[in-house]
Amino acid sequence: MINIVLFGKPGAGKGTQAEFLKDKYNLTHISTGDVFRYNLKNDTELGKLARKYMDSGDLVPDELTIDMLKNEVEKHLDTKGFLFDGFPRTLNQAEALDRFLATKNWEVTATVALEADDEILIQRLLERGKTSGRVDDQDEEKIRNRYVEYNEKTAPLIAFYKKQNKFYPVNGIGTIAEVTERLSEVLDIL
Ligand code: AP5
Ligand code: MG
């Protein structure tokens, strides 16, 4: 069982890289952003609760997010490992994840972080916003708010995982294939 947290700022390439890594390492990919967007699209109760946060680029409250994540994990208990994409994003979530995995005798194996400069990523998201239909990609103010949220609430997780010797930073700038190669170098030695 290996459980990887794929970490990184908005637009760092978590979803893009997860598509390759999940097949290469036979992992179950859970993107909390994708699950929320599915709920938005289908106008579920969860979608109704999450929409106002997502559309303005704010994090969805921990309780909703943690319950949803647990629910997704419970659907795949026979897996060889998880690739968590976009979760955890707060200290609360990270602690909840540790406690939850411990109930299954599992743990986070490693947190692999895609590193990149905000300004490069903001350009990526503005570009994607032209076609993605994602409300949170539509204007620069909303995009910048996602980085404010990241800096305030998510960046403290770097120290959290470093303290556990589980933090592996990787340069997220380069071609998609180059970045996959760098991530693979880390995953291959776990
Ligand atoms: P989420 O869906 O997780 O969005 P995000 O992290 O803000 O950013 P992205 O998913 O857009 O970026 P990514 O790192 O996956 O990059 P991607 O591969 O797409 O979250 C959305 C919202 O949901 C949050 O704001 C919040 O409201 C809520 N939410 C989700 N999880 C939550 C949680 N745990 N707690 C609370 N709320 C939560 O790539 C981005 C772009 O760059 C693409 O166009 C791609 O083609 C391009 N690209 C990728 N790699 C490269 C490369 N190497 N070179 C050039 N371009 C590249
Ligand atoms: Mg993503």
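**Notebook: loops, turns and two helix faces**

I began with Pro88, which sits in the loop between strand E3 (81–85) and helix H5 (91–102). The model is a predicted one. I checked the peptide bond leading into this proline. From Phe87 to Pro88 the bond is cis, and its omega is near 0°. I marked it, since most peptide bonds are trans.

**Overall fold**

Next I stepped back to the whole chain. I counted 9 helices and 5 strands in the protein chain. Their order along the sequence is β-α-β-α-α-α-β-α-β-α-α-α-β-α. I then looked up the radius of gyration, which is 16 Å. The globule rule gives 16 Å for 190 residues, so the chain is as compact as a globular protein of that length. Along the principal axes, the C-alpha trace spans about 40 × 40 × 30 Å.

How much of the chain is buried? Buried residues account for 48% of the 190. The exposed surface of the protein chain comes to about 9700 Å², and carbon and sulfur atoms supply 50% of that area.

I also asked how far apart in sequence the contacting residues lie. Taking contacts between residues at least 6 apart in sequence, I found that 72% join residues at least 24 apart.

Charges came next. The chain has 27 positive and 33 negative charges, and their mean positions are 1 Å apart.

**Positive phi in the loops**

I went through the backbone for positive phi values. Most residues other than glycine have a negative phi.

Asn26 was one entry. Its phi is positive, about 60°, although the residue is not a glycine. Asn26 belongs to the loop between helix H1 (14–24) and strand E2 (28–31). With a relative accessible area of 45%, Asn26 is partly exposed.

Asp43 was another. Phi of Asp43 is near 50°, again positive in a residue other than glycine. I placed Asp43 in the loop between H2 and H3. Its relative accessible area is 42%, and Asp43 is partly exposed.

**Helix H3 and what follows**

From Asp43 I moved on to H3, residues 45–55. Which residues of H3 are buried? They are Leu46, Gly47, Ala50 and Met54. Viewed down the helix axis, these buried residues fall within an arc of 80°, so they line one face of H3. I then checked what they pack against. Their partners are helix H2 (32–41) and helix H4 (62–74). On the face turned away from the buried side, I found the exposed residues Glu45 and Lys52.

Just after H3 comes Gly57, with a positive phi of about 80°. I also looked at Pro61, in the loop between H3 and H4. Pro61 has 33% relative accessibility and counts as partly exposed. I took its C-alpha distance to Ala50. The two are 11 residues apart in sequence and 8.3 Å apart in space.

**Asp118 in H6**

I turned to Asp118, which lies in helix H6 (residues 118–132). What does Asp118 touch beyond its neighbours within four places in sequence? Its contacts there are Lys9, Tyr147 and Asn151. For a second distance I picked Arg182. Asp118 and Arg182 are 64 residues apart in sequence, and their C-alpha atoms are 20 Å apart.

**Helix H8**

My last stop was H8, residues 156–163. The buried residues of H8 are Leu157, Phe160 and Tyr161. Around the axis they cover an arc of only 85°, which puts them on the same side of H8. I looked up what covers these buried residues. The cover includes strand E1 (2–8), H5, strand E4 (110–115), helix H7 (140–154) and strand E5 (167–171). H5 is also the helix at one end of the Pro88 loop, where I started.

What does the other face of H8 carry? Turned away from the buried side are the exposed residues Ala159, Lys162 and Lys163. H8 is followed by Asn165. Phi of Asn165 is positive, near 55°. I added Asn165 to my notes on Asn26 and Asp43.

Technical notes: Residues numbered from 1 in each chain as written. Chains lettered and ligands numbered in written order. Predicted model: local features only at pLDDT ≥ 70, side-chain atom pairs only at ≥ 80, totals over all residues. Heavy atoms only, no water. Helix = DSSP H or I, 4+ residues; strand = E, 2+ residues; numbered from the N terminus. Rg over C-alpha atoms; globule rule 2.2 N^0.38 Å. Buried < 20%, exposed > 50% of the residue type's maximum accessible area, 1.4 Å probe, protein only. Contact = heavy atoms within 4.5 Å. Areas by Shrake-Rupley, 256 points an atom, 1.4 Å probe, with all protein chains shown as cover. Lys, Arg positive; Asp, Glu negative; His and termini not counted. Charge placed at Lys NZ, Arg CZ, Asp CG, Glu CD. Arc of directions from axis to C-beta.
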